[in-house]
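Dear colleague,

I am handing over the structure below, and my notes on what was found in it follow.

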Amino acid sequence: MRIAVVSMVLDDPTSVQKEVNEVIGSYKDIIKGRMGVPLPDEDVSIISIAVVGEVDMINAFTGRLGKISNVQVKTSFSKKEI
C-alpha cells in the first residue's frame, strides 16, 4: 500500500461538484482526509485528498476523476510502502 495526495482543480465547480463528490464517495475506504478551497471570484475550486491504498486503486480513483470535464487531477505518491 502507498500514501498519496490527489490534487484537483475544478473549473466551473458548480457544474461538476455532484459528479466529483459521487466518485469521492465511492472511494471513501482509501480516503484519510480532504481539504477544499473554494475560489468563487475565479469560479474555481481546489481540492486535496490524502489517500492510503494499493496503487491500482488510487490510479482507478484518479482516472475516474480525470474523466470528468473541467477537472484537472494530479497525484503525488510517497516513496514509502506500508
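**Surface patch**

Val9, Met35, Val37, Leu39 and Ile46 form a nonpolar patch on the surface, with about 350 Å² of accessible area together; accessible areas come from the Shrake-Rupley method with a 1.4 Å probe, and for residues only the protein chains shown count as cover. Patch residues have over 30% relative accessible area and no salt bridge, nonpolar side chains (Val, Leu, Ile, Met, Phe, Trp, Tyr) being joined within 5 Å and like charges within 9 Å, where a salt bridge is a side-chain nitrogen of Lys or Arg within 4 Å of a carboxyl oxygen of Asp or Glu.

Please note that this is a predicted model, in which local features need pLDDT of at least 70 and side-chain atom pairs count only at pLDDT 80 or more, while totals for chains, interfaces and linings use all residues. Residues are numbered from 1 along each chain as its sequence is written, and side-chain values use heavy atoms, with hydrogens and water left out.

**Strand 2**

Strand 2 (residues 31–39) gives the most to the nonpolar patch, with 3 residues; helices (H or I, at least four residues) and strands (E, at least two) are DSSP runs, numbered from the N terminus. Met35 is found in strand 2, as is Gly33, which touches Ser48, Ile49 and Ala50, not counting residues up to four places away in sequence (contact means heavy atoms within 4.5 Å). The C-alpha atoms of Gly33 and Ala50 are separated by 5.1 Å, although these residues are 17 apart along the chain.

Best regards
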